[in-house]
Amino acid sequence: AVRYARAVELLSKVGKNAEVEDVMKLCKDHAKGKTPFSICRHGEKKNYRTRASVIFQIGAKTAQVYYIINDNPCNQDYRMITFP
């Protein structure tokens, strides 16, 4: 619930004008520090933590997929694949 409330707070600031970069910033958020209560979770192997992130941007004829695997979003840049 804490993470969801923070996501709603961040998205409400940009509203319907949210861009992919706004969503990427949301996924990297550490408002509660590097803890399980932040959107970007950090923790030991036995704890919940963020290990991947994916954002889909769907268009009329293409889809762009931004992704990070095997790490926290705050530690890497998103890679992008475009599908026709």
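## Strands β2 and β3

In this predicted model, β2 and strand β3 (residues 79–83) run antiparallel and are joined by five bridges. Two strands count as paired here if DSSP finds at least two bridges between them. Helices (H or I, at least four residues) and strands (E, at least two) are DSSP runs, numbered from the N terminus. One position to look at is A63, which stands opposite F83 in β3.

The loop between β2 and β3 is where you'll find N70. Its phi is near 60°, a positive value in a residue other than glycine. N70 is also exposed, with a relative accessible area of 59%. The labels work like this: buried means under 20% relative accessible area, exposed over 50%, and partly exposed in between (1.4 Å probe, protein chains only).

## The β1–β2 hairpin

On to the other pairing of β2. Strand β1 (residues 52–58) and strand β2 (residues 63–69) run antiparallel, with seven bridges joining them. The connection is a hairpin that gets from β1 to β2 through four residues. I58 has A63 as its bridge partner in β2, and A63 is the residue that stands opposite F83 in β3. V54 is matched with Y67 in β2.

V54 lies in strand β1 and, at 45% relative accessibility, counts as partly exposed. Together with F56 and I58, V54 forms a nonpolar patch on the surface, with about 340 Å² of accessible area for the three together. Patches are made of residues with over 30% relative accessible area and no salt bridge; like charges are joined within 9 Å, and nonpolar side chains (Val, Leu, Ile, Met, Phe, Trp, Tyr) within 5 Å. The areas come from the Shrake-Rupley method with a 1.4 Å probe, and for residues, only the protein chains shown count as cover.

## Two sides of helix α2

Helix α2 (residues 20–27) has V20, M24, L26 and C27 as its buried residues. They cover an arc of only 160° around the axis, so they sit on the same side of α2. That arc is taken from the directions from the helix axis to the C-beta atoms. E21 and K25, on the other side of α2, are exposed.

What lies over the buried residues? The cover includes α1 (2–14), β1 and β2, with contact meaning heavy atoms within 4.5 Å.

## Salt bridges around R6

A search of the whole structure turns up two salt bridges, each defined as a side-chain nitrogen of Lys or Arg within 4 Å of a carboxyl oxygen of Asp or Glu. One pairs R6 with E9, the closest N and O atoms being 3.0 Å apart. E9 and R6 are three residues apart in helix α1, so about one helical turn separates them. E9 is partly exposed, with a relative accessible area of 36%.

R6 also forms a salt bridge with D29, and here the closest N and O atoms are 2.9 Å apart. D29 lies in the loop between α2 and β1 while R6 is in helix α1, so this pair ties together parts that are 23 residues apart in sequence. Both D29 and R6 are buried. Salt bridges that share partners join R6, E9 and D29 into one network.

## Reading the numbers

Residues are numbered from 1 along each chain as its sequence is written, and side-chain values use heavy atoms, with hydrogens and water left out. As this is a predicted model, local features need pLDDT of at least 70 and side-chain atom pairs count only at pLDDT 80 or more, while totals for chains, interfaces and linings use all residues.
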